[in-house]
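Here are my notes for you, written as a set of numbered points. Keep the viewer open while you read, and turn the model as you go.

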Amino acid sequence: MRLPEPVLTSHVKEPYAYTLDNYLKRGGYAAMRKALALAPEAIVEQVKQSGLRGRGGAGFPTGMKWSFVPKDNPKPKYLCVNADESEPGTFKDHLLMERNPHLLLEGCVIACRAFGAKAAYIYIRGEFYHVQRVLEEQLEEAYARGLLGRDILGSGQDCDIYVHRGAGAYEAGEESALLESLEGKRAQPRLRPPFPAVVGLYGCPTIINNVESICNVPLILDRGPEWYASIGPEKNQGPKLYCISGHVARPGVYETSMDVTLRELIYDFAGGMKDGRQFKAIIPGGSSVNVLTEASLDAQASFDGLVKVGSMLGSAAIMVMDETTDMVWLADNLISFYRHESCGKCTPCREGSDWLHKLLQKILRGEGAARDLELLLSVANNIGGKTLCPFGDAMIPSVLSTLQHFRDEYEHYIREGRSKLPRAPWLPSAAAAAHSH
Amino acid sequence: MSFHPKMPYGTPQWHKSGRKLAEEGPPFAFTAENREKLARIIARYPPDRRRSALLPALYIVQEQQGYVSGHAMAHVAEVIGCTRAEVEDVVSYYVMFFTQPVGTYVLQVCHTLSCALNGAGRVSEALCQHLGVKPGETTADGMFTVMEMECLGACDRAPVVMINNEHWHECQSAEDVPALVAGLREKGLASLSGCVHKKE
Ligand SMILES: Cc1cc2nc3c(=O)[nH]c(=O)nc-3n(C[C@H](O)[C@H](O)[C@H](O)COP(=O)(O)O)c2cc1C
Ligand code: SF4
Ligand code: FES
């Protein structure tokens, strides 16, 4: 079934949608009351039945993840909410936390009860200071009404929630790097196993979930797992937020179910292309996935639907490019991001990102040779699958998929020493561009 | 030393690392008020995990002093109970800590894909021309520093400019730049469009 109307973002445009009073008026915290009367195992079971898959990027089933927390471990258990939201093109958690913060807080309490945690840390990216202020203000409100803290509503359940501010590092979104950062260290990943569900924050069992994943939990408890599972295609169930940006008329966050196609998202939800220009390419899941072309626009924008056409849903960050976009420039824009954000712990990623950047810059300057394209491929393929964390695999799609679909643009640079396209109206002058990076 | 006889140890030629140690800066200690604020934050973590409060402590330093100096790092290490090397390690990793004094207003223009597709490059170019600086530099009067930064998580409001790590200005164009700068000069942070709450 197509989601009939938004449920996660239904009220976000209303004034003061974020206050506790308004949330309670909308029936807020009813799901938490239900959960407090349930045994923890029953909550995990409902989340499993709902089919909820993690919204942070990998689409891992949330209920199953929770069941990995060992029951006999005497150590405290933790929930860490991943609010780092730094995958380029992603801005859905931003909206949820800014406009519907109590949905997240309610979800945290339910999740904590489900796997036996008494404390949750919301790790929020440093740039979301205004969002953090909203969250902390609303946390205080919830504490004041006895919805958080000790013995919540007389249920015997304790749950403390803290907000922890990051300081500008994409890699802090990787779950084990997030834990390192929360412990006051550099955001560099840990070797796994052991997995965080067993040895996580402070060496204790820890579940890391994305903001949107946790925000889905109250819906499951409130409306029932059957309702949840009836939304969208099989194995890709539930409401989903899509972040649409780039060359579209109405960029923004749109909520629907995963039976939607990329074409519908661009033309029905985001109002089509900006300034009447022609569509050229789409990145359907954040900067870490393969670029697709017109031929794939009728693919279902779901975890499985996008894998079928050779890309991924990732964080559902849809970036749309029109005919003025030079795809070699695009590859370099994204590689510059990865080069800047590589945590430096392993060589293929740290050095490889720099090599890719240098090669692309050389091609963009018109100094590329034919063998540089093979070299690009070879460097990329020596990063993929050879790094400590998935960052390495996340970096190369921008190069590999632009080479696959737009090889003629690369070749034009090599042959003619300049772009196949006229300089785009939105780019700075060539002189200013040479200064940056 | 008994390493290799022909290696020029200790000379700049041998010491190739681009790493710069932080400047010591003026003497630093938290104000009593900030010390209390930090104590409240430390209480959010288990008692034997004070180091978790390192990022918050560094933010407080930056609030108090505008940047994080070597002296401040030593002080933070003492308060948190870790080594100064550990603090430096962290400061040098995260981009939101400034290790040198910066302008009153640090204008950080997002230049990742969605912003770039909507003219972020032209916004930085216009800012730099208008202020007569290059990215990373501060104006002679110490008012403005221009920087480029990576995706801010607000790509629907592209291009985005973040001011001083805390304040946002959205949907910019190169043509808006003179008004942005004039607004900051005259009315300070109050001139920014900010986020939704400001409007409510
Ligand atoms: C380099 C890198 C960056 C990531 N950034 C984020 C992020 O910003 N937010 C997020 O929720 N997950 C991010 N992830 C995914 C997390 O590691 C983790 O899988 C996710 O938070 C799990 O939550 P979920 O099961 O609810 O999806 C990132 C992963 C990698 C490898
Ligand atoms: S792949 Fe990159 S980000 Fe991940 S651990 Fe290695 S260097 Fe760090
Ligand atoms: S690309 Fe600029 S905010 Fe995301």
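1. Let's begin with a bit of vocabulary: a strand here is a DSSP run of E with at least two residues, and strands are numbered from the N terminus. With that in hand, find Met147(B), which sits in strand S2 of chain B. One thing to keep in mind throughout is that this is a predicted model.

2. Stay with Met147(B) for a moment. Which residues does it touch, once its neighbours within four places in sequence are set aside? The list is Phe98(B), Val102(B), Val106(B), Leu107(B), Gln108(B), Val109(B) and Gly136(B). Val79(B) makes a useful distance check: between the C-alpha atoms of Met147(B) and Val79(B) there are 31 Å in space, and the two are 68 residues apart in sequence.

3. Now zoom out to where the two chains meet. Chain A puts 70 residues into the contact and chain B puts in 48. About 4800 Å² of area is buried between them, and carbon and sulfur atoms account for 57% of that.

4. What about charges and polar groups across this interface? The rule picks out 4 salt bridges between chain B and chain A. Try to find the one that pairs Glu98(A) with Arg157(B), where the N to O distance is 3.6 Å. There are also 30 residue pairs in polar contact across the interface, with both partners at pLDDT 80 or more.

5. Which parts of chain B supply at least two residues each to the side that touches chain A? They are helices H2 (54-65), H4 (84-91), H5 (113-117), H6 (120-131) and H8 (196-199), plus strand S2 (144-149). So you have met one of these already: S2 is the strand that holds Met147(B). Sorted by class, this side of chain B has 24 nonpolar, 11 polar and 13 charged residues.

6. Next, click on ligand 1. It is surrounded by 19 residues, and the closest are Gly56(A), Lys65(A), Asn209(A), Asn210(A) and Ser213(A). Have a look at the backbone as well: a polar backbone atom of Gly56(A) is 2.7 Å from an oxygen atom of the ligand. For Ser86(A) the matching distance is 3.2 Å, and for Arg55(A) it is 3.3 Å. On its own, ligand 1 has 620 Å² of accessible area, and the protein covers 89% of it.

7. Salt bridges turn up beyond the interface too, so here is the overall count: 42 over all chains. One to look up is Glu175(A) with Arg192(A), whose closest N and O atoms are 3.7 Å apart. This pair links distant parts of the chain, 17 residues apart: Glu175(A) is in helix H8 of chain A, while Arg192(A) is in the loop between H8 and S4.

8. That same loop of chain A, between helix H8 (175-182) and strand S4 (206-210), also holds Pro194(A). The peptide bond joining Pro193(A) and Pro194(A) is cis, with omega about 5°. Chain B has a cis bond as well, from Ala158(B) to Pro159(B), with omega near -10°. Pro159(B) lies in the loop between S2 and strand S3 (161-163) of chain B.

9. One last backbone detail to check. Asp151(A) is not a glycine, yet its phi is positive, at about 45°. You'll find Asp151(A) in the loop between helix H7 (129-144) and strand S3 (160-165) of chain A.

Methods. Residues are numbered from 1 along each chain as its sequence is written. Chains are lettered from A and ligands numbered from 1 in the order in which they are written. This is a predicted model: local features need pLDDT of at least 70, side-chain atom pairs count only at pLDDT 80 or more; totals for chains, interfaces and linings use all residues. Side-chain values use heavy atoms; hydrogens and water are left out. Contact means heavy atoms within 4.5 Å. Buried area is the accessible area (1.4 Å probe) that two parts lose on being put together, summed over both. A salt bridge is a side-chain nitrogen of Lys or Arg within 4 Å of a carboxyl oxygen of Asp or Glu. A polar contact is a pair of N or O atoms within 3.5 Å; within protein, one must be able to donate a hydrogen and the other to accept it, and residues adjacent in sequence count only if both atoms are side-chain atoms. Helices (H or I, at least four residues) and strands (E, at least two) are DSSP runs, numbered from the N terminus. Ala, Val, Leu, Ile, Met, Phe, Trp, Tyr, Cys and Pro count as nonpolar, Asp, Glu, Lys and Arg as charged, and the others, Gly among them, as polar. A residue is near a molecule or strand if one of its heavy atoms lies within 4 Å of it. Accessible areas come from the Shrake-Rupley method with a 1.4 Å probe; for residues, only the protein chains shown count as cover.
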